[in-house]
Each structure stands twice: as C-alpha cells, then as structure tokens.
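Reader: I should like to discuss the ligand site and the empty space in this model. Please show the sequence and structure before we begin.

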Amino acid sequence: MNKTIGFIGCGKMAQAIIGGILKAEKVSAEMIIASAKSKATRAYVNETIGIKTTSSNIQVAEAADILFLAVKPNIHQAVISEIKDSLKQEVIVVTIAAGISISDLTDAFLRPIKAVRSMPNTPSLVGEGMSALCINELVTNEDLNEVKAIFSSFGKVEVVNEHLMDSIPAISGSSPAYVYMFIEALADGGVKDGVPREQAYKMAAQAVLGAAKMVLETGKHPGELKDEVCTPGGATIEAVGELEKQGFRSAVISAMEQCTAKIKNL
Ligand code: NAD
C-alpha cells in the first residue's frame, strides 16, 4: 500500500497495530509515522518498531492519508481541536477509542470527513487481532477496502452497524483480559496439583487456542463442541456441572454488561 499511515498516540494499542501491520509486510516502516507525548515512548517505538516518531501531532496529521486517533477517549476532543486544520483533504480518519461515535468525530472536525470507528484488540500484535469497524457515508468502497486491508493485516475484521459498536469492547476489545484470567486460573489449578507453572501456562494457553480454532474452523456450535468433550458419567461433565453451579456463564455475561455500561458512560 502506498499511503502514509499516521498514528496520534502510540501506546499499547497503537504499538500492537503497527507491529501487526509491519509483520504482515503490506506497508513499509517508512510509510508509518506516530506521535507520542513521552520522549521515552518515542525513543522506544523508534528503536524497537523502527518507524518515524515525533512529538508533533500536527506533523502526523499533515502527513497522513489514513490517520489513526489512538489516544484515550477523554483527550480525543483536545487532539482533534489541535489537528483539525492540518489534515489532508481526502484523509480517512480512523478512531480506535472506545465510546467515540462517528458523529462525535465528525462534529469535532467541524467539516465533513471520511470517518471510521473501530474497535481492535491487543492480540493484533501477534497477527490474531479481532477488529470491528463502522464507517460514515463519505467512506467509499475503495477507502473501506484499504482500511479493511490494514486491519486484516493483523487479524480478522468485521464491519458492523454503528449501533452495535458500544457492545464490541466487551466481546473482543476487552475480552482478552478475561481470557488471560481464565488461562491463569487453569494454570493455577494445574500448579495446585503439582504441574510445573511454565508447563501449566503452555498447556492452558494451547487448550484455549485450540478450542477457539475448533469453533472457528469446524463451524460447529460451541455447545456441540462442549458436548463432544463430555463423556457420559465422566470427569469433564463434573467440571461443567461445577462451573454452572458457580455461575460461570452468568459471571461472564454480567462482566460484559459492566464493560458495556462503562463504555456508554465514557
Ligand atoms: P495507552 O495509554 O497505552 O496509549 C495512549 C497514548 O496516547 C500514550 O502513549 C500517551 O502518551 C499518548 N497521548 C496522550 N496524550 C496525547 C496527546 N495529547 N497527543 C498525542 N499522544 C498522546 O492506551 P491504549 O491502551 O493504547 O489505548 C488507546 C486507545 O485505544 C483508547 O482510546 C482505547 O479506548 C483504545 N483501545 C484500547 C484497547 C486495549 O486493549 N488497550 C483495545 C481497543 C481499543
């Protein structure tokens, strides 16, 4: 792709995305520029990821054909006020901030812009991201294909209706955190029985990876796959029964409700 991709803010999520894009080798490092407030972050990103960094958000805005706003939602507005007169005419602006709507974006720019609202996740860093996108009416099919190509370079991408976007963080944006907790818990359970910790993490993580692949690749309902593991009268159904007794599913669903409520109040 022969477009300059700019990032305003270069924290955990931007670094995961940039790392993913570069690993996929669809865009070269010279075509990516990022701004960060902290000198230490700029030096780290410059040295470890190898892209150009700057302290100037305006410099990034002036250079970018596709501009990612990768700052926290509470400073989104201030950043837009700072850069709004420095954008290229045809720039595509992509926000990754949770809870920022397309109309928040376009209102802040005070002019019609091509706007993409996205919700990626940190496994983008290892090429296994899950991103959801929605767009406004100024984004052409060609623009959307370019943006999708960027997101698919580090994982899977789904285009959704904007009214669903506030629910996506709970499913795929934040959920890696709950999955890490699950992996940690599986490993702790193994360690309790004497399995060496490093082996326990590997086994737990690979089991989660394998189960996820089974869902994605067999097309079977997760309930059917669960049933296939549960021998009648066996040990797995004992564990499943205990998880149900402890409210495993409802704990997950309640946690997701809390996550979504927080997003809606950001
Ligand atoms: P982070 O704190 O790691 O990164 C934010 C970066 O913005 C920092 O490097 C900070 O120095 C920089 N920054 C702050 N003020 C700035 C300014 N005025 N100009 C330029 N840069 C500035 O946060 P993060 O986890 O990378 O989150 C960034 C965005 O990504 C958030 O809006 C969040 O909602 C979204 N997001 C995060 C995740 C995740 O898993 N972390 C997932 C999906 C979406």
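The exchange below concerns the ligand, its pocket and the enclosed space in a predicted model.

Reader: Which residues come nearest to the ligand?

Author: The model is a predicted one. The shell around the ligand holds 19 residues. By class, this shell has 12 nonpolar, four polar and three charged residues. Those that come nearest to the ligand are K12, M13, N57, V71 and I75.

Reader: Which residue has a backbone N or O atom 3.1 Å from an oxygen atom of the ligand?

Author: Polar contacts are counted here up to 3.5 Å. Two of them involve side chains: a polar atom of N57 lies 3.0 Å from a ligand nitrogen atom, and a polar atom of K72 lies 3.3 Å from a ligand oxygen atom. The backbone atom at 3.1 Å from a ligand oxygen atom belongs to A98.

Reader: How much of the accessible area of the ligand does the protein cover?

Author: On its own, the ligand has 830 Å² of accessible area. The share of this area covered by the protein is 79%.

Reader: Which pocket does the ligand take up, and what is the volume of that space?

Author: The ligand occupies the second largest pocket. M13, A70, V71, K72 and I96 lie nearest the centre of this pocket, and M13 and V71 are also among the residues that come nearest to the ligand. The volume of the second largest pocket is about 800 Å³.

Reader: Which element gives the most to the lining of the second largest pocket?

Author: The lining comprises 31 residues, divided by class into 19 nonpolar, nine polar and three charged. The elements that give two or more residues to it are α1 (12-24), α7 (168-173) and α8 (175-192). With three residues, the element that gives the most is α1.

Reader: Which strand gives the most to the lining of the largest cavity?

Author: The count comes to one cavity of 30 Å³ or more, and about 40 Å³ of space lies in the largest cavity. Its lining consists of A97, A98, G99, R117, S118, M119, M165, D166, P169 and I263, which divide into six nonpolar, two polar and two charged residues. A98, part of this lining, also has the backbone atom 3.1 Å from a ligand oxygen atom. Three lining residues come from the strand that gives the most, β6 (residues 114-119).

How values were computed:
Residues are numbered from 1 along each chain as its sequence is written. This is a predicted model: local features need pLDDT of at least 70, side-chain atom pairs count only at pLDDT 80 or more; totals for chains, interfaces and linings use all residues. Side-chain values use heavy atoms; hydrogens and water are left out. A residue is near a molecule or strand if one of its heavy atoms lies within 4 Å of it. A polar contact is a pair of N or O atoms within 3.5 Å; within protein, one must be able to donate a hydrogen and the other to accept it, and residues adjacent in sequence count only if both atoms are side-chain atoms. Accessible areas come from the Shrake-Rupley method with a 1.4 Å probe; for residues, only the protein chains shown count as cover. On a 1 Å grid over the protein atoms alone, a cavity is a set of points where a 1.4 Å probe fits but cannot get out, and a pocket is an open set with protein on both sides within 12 Å along at least five of seven lines; lining residues have an atom within 4 Å of a point. A molecule sits in a cavity or pocket if more than half of its atoms lie within 2 Å of its grid points. Ala, Val, Leu, Ile, Met, Phe, Trp, Tyr, Cys and Pro count as nonpolar, Asp, Glu, Lys and Arg as charged, and the others, Gly among them, as polar. Grid points are joined across faces, edges and corners, and a volume is the space filled by probe spheres set on the points. Helices (H or I, at least four residues) and strands (E, at least two) are DSSP runs, numbered from the N terminus.
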